[in-house]
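Student: Hey, got a minute to go through a structure with me? I'd like to ask whatever comes to mind.

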Amino acid sequence: MKKICIIHGPNLNFTGIREQGVYGKKNLDDINKNILAKAEEMGMDADIFQSNYEGGIIDKLQQCYFDGVEGIIINPGAFTHYSYALRDAIASVKIPTIEVHLSNIHQRDEFRHKSVTAASCIGQMCGFGENGYILALMAFKMMAEDAKKS
Ligand code: DQA
């Protein structure tokens, strides 16, 4: 699995500015640099996208289908908790998708405990801060290695 797309949803461009106690002090550009460096080390070709708009994220997911992307890592931000449109888009493109959250959504407000998008994903990583994205890359790498063995 080589071609990976990382999608950040609404307000994630404000990481490092908003609620630092929850999301950390590092800004999204620096987080992205680290993701790209780790992806390169793992021999992956990664593309990163951020949008504050539900439709923009859906367009990107559909573009992933046409571009032959093999794995998607998505942090849908607050859309996680109510966007059936995003859930349908993830299911439609039939690309293995891992959901990531910087914070542990289960320790927070009640409305954050439910993810409507996770059901369309192969798994979810939450509570590990920016390392969640790296863990998701590692999961894809391990899956690809397992697929080669079988
Ligand atoms: C988040 C968790 C969401 O509940 C929240 O709305 C976000 C960020 C996270 O990364 O922890 O915007 O997805």
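Student: Okay, which residue lies over the face of Tyr23?
Tutor: That's Arg18, at 4.1 Å from the ring centre. Keep in mind that this is a predicted model.

Student: Where else do those two turn up, say around the largest pocket?
Tutor: Arg18 and Tyr23 are among the lining residues nearest its centre, along with Gly77, Ala78 and Arg112. The lining has 15 residues in total.

Student: What's the volume of that largest pocket?
Tutor: About 180 Å³.

Student: And how many of the lining residues are charged?
Tutor: Four are charged, next to five nonpolar and six polar ones.

Student: New topic: how many disulfides are there?
Tutor: Zero. Take Cys5: the nearest cysteine sulfur belongs to Cys64 and is 3.8 Å away, but a disulfide needs the sulfurs within 2.5 Å.

Student: Is Cys5 buried or exposed?
Tutor: Buried, because its relative accessibility is 0%.

Student: Why is there no bond for Cys126?
Tutor: Its closest cysteine sulfur, in Cys121, is 12 Å away, so that's too far. Cys126 is buried as well, at 16% relative accessible area.

Student: Switching to rings, how many aromatic pairs are there?
Tutor: Two. In one, Tyr65 and Phe66 have ring centres 5.2 Å apart and planes at 85°, so they sit edge-to-face. The other is Phe79 with Tyr82, also edge-to-face because the planes are at 70°, with centres 5.9 Å apart.

Student: What about Phe66 and Phe79, buried or exposed?
Tutor: Phe66 is exposed, with a relative accessible area of 64%, whereas Phe79 is buried at 8%.

Definitions and conventions: Residues numbered from 1 in each chain as written. Predicted model: local features only at pLDDT ≥ 70, side-chain atom pairs only at ≥ 80, totals over all residues. Heavy atoms only, no water. Buried < 20%, exposed > 50% of the residue type's maximum accessible area, 1.4 Å probe, protein only. 1 Å grid on protein atoms, 1.4 Å probe; cavity = no way out; pocket = protein on both sides within 12 Å on 5 of 7 lines; lining within 4 Å. Points joined across faces, edges and corners; volume = space filled by probe spheres on them. Nonpolar A, V, L, I, M, F, W, Y, C, P; charged D, E, K, R; others polar. Phe/Tyr/Trp six-rings, centres within 6.5 Å; stacked < 30°, edge-to-face > 60°. Lys NZ or Arg CZ within 6 Å of the ring centre and 35° of its normal.
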